Amino acid sequence: MPVSGIRKVSTSQVSVALTVHVHPCLKFDVLTLSQNGVAAFILQCKRLDFHYCDWAGSSKGMNSFLKHTLPRFARLNPSVEITVSPRPRKHPIIRGTYINGREKVVCVKNLQKEQILEKTHLLRDASGEKLKRVTKPVQSINESVRGIWSPYHGAGRTA
């Protein structure tokens, strides 16, 4: 099936790409919903909020991070909205907001700017979903009847 066109449909919070396929023998279009990572990747983190205190010693690393490291991080990640706000007499935190509506908060008190950058990358790369126990090693929309292929199973054939 040749691809006729790709339309971008935006719902209230989630941006979805629909692909229109036109089959030469058929008189109608077939719409398929693309999956994240298959056609185009959509970063799940939409905003990072940095809260700091000018006075407290636990915000020393955060203040250094905001002055020296955050401008470069913001230039490299233009799709993530970044806000910085003071939070007097409190420990510094980073709050990540995701497109599914959830938030994740990480306390970064007494951390160095390199460690805060690691936490920032952790929040940026997270999906926003709750952590859940993995029961199967592979998760798929279309489950296989035969299971996952492995060269160690089956008849031992030699060449």
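A salt bridge here is a side-chain nitrogen of Lys or Arg within 4 Å of a carboxyl oxygen of Asp or Glu. By that yardstick, Arg47 and Asp49 make one, with their closest N and O atoms 3.3 Å apart. The model is a predicted one, and a search through the whole of it turns up three salt bridges. Within the Arg47 pair, the two partners sit in unlike surroundings: Arg47 has 24% relative accessibility and so counts as partly exposed, while Asp49 is down at 8% and is buried.

Next comes the pair formed by Arg95 and Glu103, whose closest N and O atoms lie 3.4 Å apart. Here Arg95, at 23% relative accessibility, is partly exposed, and Glu103, at 42%, is partly exposed too. Then there is Asp125, which meets Arg124 through a salt bridge of 2.8 Å, N to O. Asp125 is exposed at 52% relative accessibility, whereas Arg124 is buried at 15%.

Back to the stretch that holds Arg47 and Asp49. Strand S4 spans residues 45–52, and six of its eight residues are buried, so the strand is largely enclosed by the rest of the structure. What flanks S4? It has six bridges to strand S6 (residues 93–98), and these two strands run antiparallel; it also has six bridges to strand S5 (residues 81–86), this time in a parallel arrangement. To pin the register down, Cys45 has Tyr98 as its bridge partner in S6, and Tyr52 is partnered by Pro86 in S5. As a general rule, side chains in a regular strand alternate between the two faces of the sheet.

S4 also matters for the packing of nonpolar residues. The largest nonpolar core has 18 residues, and Leu48, Phe50, Met62 and Ile94 are the ones with the most contacts inside it. At least two residues of this core come from each of S4, H1, H2, S6 and H3, and S4 gives the most, with four. In soluble globular proteins, nonpolar side chains tend to be buried together.

Met62 is a good place to see how this core is put together. Leaving aside residues up to four places away in sequence, Met62 touches Phe50, His51, Tyr52, Pro92, Ile93, Ile94, Val108, Leu111 and Ile116. Met62 belongs to helix H1 (residues 60–68), where Gly61, Met62, Asn63, Phe65 and Leu66 are buried. The cover over these buried H1 residues includes S4, helix H2 (70–76), S5, S6 and helix H3 (113–125).

That leaves the packing of H1 against H3. The two helix axes come within 8 Å and cross at roughly 75 degrees. Angles of 65 to 115 degrees count as roughly perpendicular, and H1 and H3 are therefore roughly perpendicular to each other. On the H1 side, the residues in contact are Gly61, Met62, Ser64, Phe65 and His68, and they meet Lys113, Ile116, Leu117 and Thr120 in H3. An α-helix has 3.6 residues a turn, so residues three or four places apart point the same way.

Conventions
Residues numbered from 1 in each chain as written. Predicted model: local features only at pLDDT ≥ 70, side-chain atom pairs only at ≥ 80, totals over all residues. Heavy atoms only, no water. Buried < 20%, exposed > 50% of the residue type's maximum accessible area, 1.4 Å probe, protein only. Pairing = 2+ DSSP bridges. Contact = heavy atoms within 4.5 Å. Core = buried A, V, L, I, M, F, W, Y, C linked by side-chain atoms within 4.5 Å. Axes fitted to C-alpha atoms, helices over the stretch in contact; angles between N-to-C directions. Parallel < 35°, antiparallel > 145°, perpendicular 65-115°, else oblique.
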